[in-house]
Amino acid sequence: MTYRTMLTEYFAAAIAAASPRHVLPAALPRGLVKGKTLVLAYGKAAAEMALVAAQTLEGPVTGLAVTRHGHGADLSHTKIELIEARHPVPDDYSLQAATKMLELAATAGPDDRVVFLASGGGSALLCAPAKGITLVEKQAITDALVRSGVPIQDINLVRRHLSRVKGGRLAAIAGARGAELHTFVISDVAGDDPSLVASGPSIASPFDPKGALSVLQGAGIDVPEHIHAAILANRSAIAIEHPVHTVATNGDALRAIERLALADGWQVIDAGKALTGDAATCGKAHAIQAQVYARTPGRYLMISGGELTVSKARKDGQGGPNLEYLVGLMSALPRHAKIEALAGDTDGIDGTHDNAGGYLQASCVQQSDALHALATNNTYPFVQRLGGLIMTGPTRTNVNDVRLIAIEGAST
């Protein structure tokens with residue numbers, strides 16, 4: 001079996017370990033309620049999570065799920081409506097989904113159960129601009145933030161302050177008349193704070209208007225006076241205490257890989273489970289580590305997770321953070337190194353492109369070509385020419401990125 005085949009199988013195992021079908025059924029509440037069970041799902045895993053909930057929960061189940069275009073599931077045999085919207089910049093469908101979800105939440109009464117199903121991507125997919133801010137203005141700010149390369153947690157901090165659904169507001173409405181609330185989370189954030197996933201529509205979190213404005217200023221984004229005022233005027237929701245369960249994380253995905261790798265005889269190296277920062281810079285740093293192991297007898301697999309970013313990406317560049325990481329790694333390795341690597345996003349989409357990530361081996365990469373691809377943020381066509389793109393299609397889960405470096409150590 002080639003290293004590419006082996007590492008691709010490990011990547012598939014990571015995705016499977018975080019799938020709603022695998023993690024959600026045992027966690028969902030049991031028993032009937034007097035009234036209805038209302039499922040409100042948002043994020044890239046929302047459709048699959050909603051389908052599992054409809055098939056598992058007892059009694060009448062209704063609701064709404066919003067996911068990214070192309071990431072849907074067949075909910076036609078359920079009473080849960082599905083809306084597909086744009087990501088990472090919201091669109092009219094994002095606004096439609098948020099409006100409907102707020103309306104549905106307001107129908108919950110003391111005999112009802114409300115089940116929130118949160119996953120990464122929900123920040124864009126569920127969009128209800130705060131008072132005084134239009135959808136067009138929010139789209140422009142989101143697009144500028146995404147292109148600026150600031151960390152996702154900073155983007156979501158701003159999003160929360162531009163919203164009337166995030167930061168626990170959806171739960172505040174759903175629980176206003178005493179409904180039973182539950183939140184289930186598939187985490188795509190470093191550290192797995194559930195209030196940060198999808199910017200926490202069902203989980204109240206501290207507001208920091210000055211911090212949000214500081215992020216915008218640091219990203220070089222001019223904020224009109226009325227938006228500045230709207231951010232300062234926005235306040236956190238009243239927290240409604242209820243059970244919150246994180247059912248899948250990046251750590252779960254990495255542990256699934258580690259189990260297989262150990263069984264296959266690899267010496268597994270933990271290179272970090274919650275990495276953030278610039279993707280190419282991280283790749284170059286990992287190249288230095290990998291070369292240390294390459295000089296040591298043995299066969300090593302360096303594993304890392306988290307969410308890296310492309311700092312200040314060119315508008316005409318093609319390629320997401322996993323390809324930037326991969327090309328950054330290879331740009332710092334000599335061609336004689338017996339090192340191969342895979343980097344992929346568990347949601348099946350690297351940034352905004354159709355690939356989950358890529359696979360490269362040092363022996364096939366010319367360093368000067370790799371450095372040029374990085375300089376132009378044009379890693380997609382570079383990896384494509386080498387036959388290294390990994391295409392999974394939508395996976396209907398999202399626990400961030402997985403990076404694997406296979407290292408053939410020195411002969412004894």
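## Sheets, helices and packing: worked exercises

Helix H9 and helix H10 cross in a right-handed sense. Right-handed means that the near helix is turned clockwise from the far one by less than a right angle, and left-handed that it is turned anticlockwise. The model is predicted, so local features need pLDDT of at least 70 and side-chain atom pairs pLDDT 80 or more, while totals for chains, interfaces and linings use all residues. Residues are numbered from 1 along each chain as its sequence is written, and side-chain values use heavy atoms, without hydrogens or water.

**Exercise 1. Describe the packing of H9 on H10, then that of H13 on H14.**

Step 1. Take the geometry of H9 and H10. Their angle is about 145 degrees, and their axes lie 8 Å apart. Axes are lines fitted to C-alpha atoms, for helices over the stretch in contact; angles run from 0 to 180 degrees between N-to-C directions. Helices (H or I, at least four residues) and strands (E, at least two) are DSSP runs numbered from the N terminus.

Step 2. List the contact residues. H9 supplies Pro209, Ala212, Leu213 and Leu216, and H10 supplies His228, Ile231 and Leu232. Contact means heavy atoms within 4.5 Å.

Step 3. Turn to helix H13 (residues 321–331) and helix H14 (residues 367–375). They pack at about 145 degrees, with axes 9 Å apart. This crossing is left-handed. Glu324, Val327, Gly328, Met330 and Ser331 of H13 meet Gln367, Ala370, Leu371, Ala373 and Leu374 of H14.

**Exercise 2. What is the strand order of the open sheet with parallel pairing, and what does helix H3 touch?**

Step 1. Write down the order. It is E3-E2-E1-E4-E5-E6, six strands. Two strands pair if DSSP finds at least two bridges between them.

Step 2. Find the edges. Strand E3 (79–85) and strand E6 (244–248) each pair on one side only. On average, neighbouring strands here are turned by 15 degrees against each other, direction ignored.

Step 3. Look inside the sheet. Strand E4 (residues 113–119) and strand E5 (residues 180–186) run parallel over seven bridges. Ala118 has Val185 in E5 as its bridge partner.

Step 4. Add the helix. H3 (residues 46–56) packs on this sheet and touches strand E1 (37–42), strand E2 (61–68), E3, E4 and E5. The direction of H3 makes about 160 degrees with that of E2.

**Exercise 3. Work out the layout of the sheet with mixed pairing, and place helix H11 on it.**

Step 1. Order the strands. This open sheet has six strands, E7-E8-E12-E9-E10-E11. Strand E7 (267–270) and strand E11 (389–390) are the edges, each pairing on one side only.

Step 2. Check one pair. Strand E8 (residues 299–306) and strand E12 (residues 401–408) are antiparallel over eight bridges. Tyr300 has Ile407 in E12 as its bridge partner.

Step 3. Place the helix. H11 (residues 250–263) lies across E7, E8 and E12, at about 170 degrees to E8.

Step 4. Compare its span with expectation. H11 has 14 residues and reaches 20 Å from first to last C-alpha, close to the expected 20 Å (1.5 Å times one less than the number of residues).

Step 5. Inspect both ends. At the start, a side-chain oxygen of Thr249 comes to within 3.2 Å of the backbone nitrogen of Gly251. After H11 comes Gly265, with a positive phi near 95 degrees.

Step 6. Identify the covered face. The buried residues of H11 are Asn250, Gly251, Ala253, Leu254, Ala256, Ile257 and Ala261. Buried means under 20% relative accessible area, exposed over 50%, partly exposed in between (1.4 Å probe, protein chains only). These buried residues pack against helix H1 (3–17), E7, E8 and E12.

**Exercise 4. Is Ile303 buried or exposed, and what does Ile303 contact?**

Step 1. Locate Ile303: strand E8.

Step 2. Apply the cut-off. Ile303 is buried because its relative accessibility is 6%.

Step 3. Collect contacts, leaving aside neighbours within four places in sequence. Ile303 touches Leu254, Ile257, Glu258, Val268, Ile269, Asp270, Ala271, Gly272, Arg403 and Leu404.

**Exercise 5. Why does Ser163 count as buried or exposed, and which residues of H7 are buried?**

Step 1. Place Ser163 in the loop between helix H7 (152–161) and helix H8 (169–174).

Step 2. Ser163 counts as buried because its relative accessible area is 1%. Beyond neighbours within four places in sequence, Ser163 contacts Ala128, Pro129, Ala130, Lys138, Arg169 and Asn234.

Step 3. Assess H7. Seven of its ten residues are buried: Ile155, Asn156, Leu157, Val158, Arg159, Arg160 and His161. They pack against helix H5 (122–125), helix H6 (135–148), H8, helix H9 (209–218) and helix H10 (225–233).

Methods. Polar contact = N/O pair within 3.5 Å; in protein donor to acceptor, adjacent residues only side chain to side chain.
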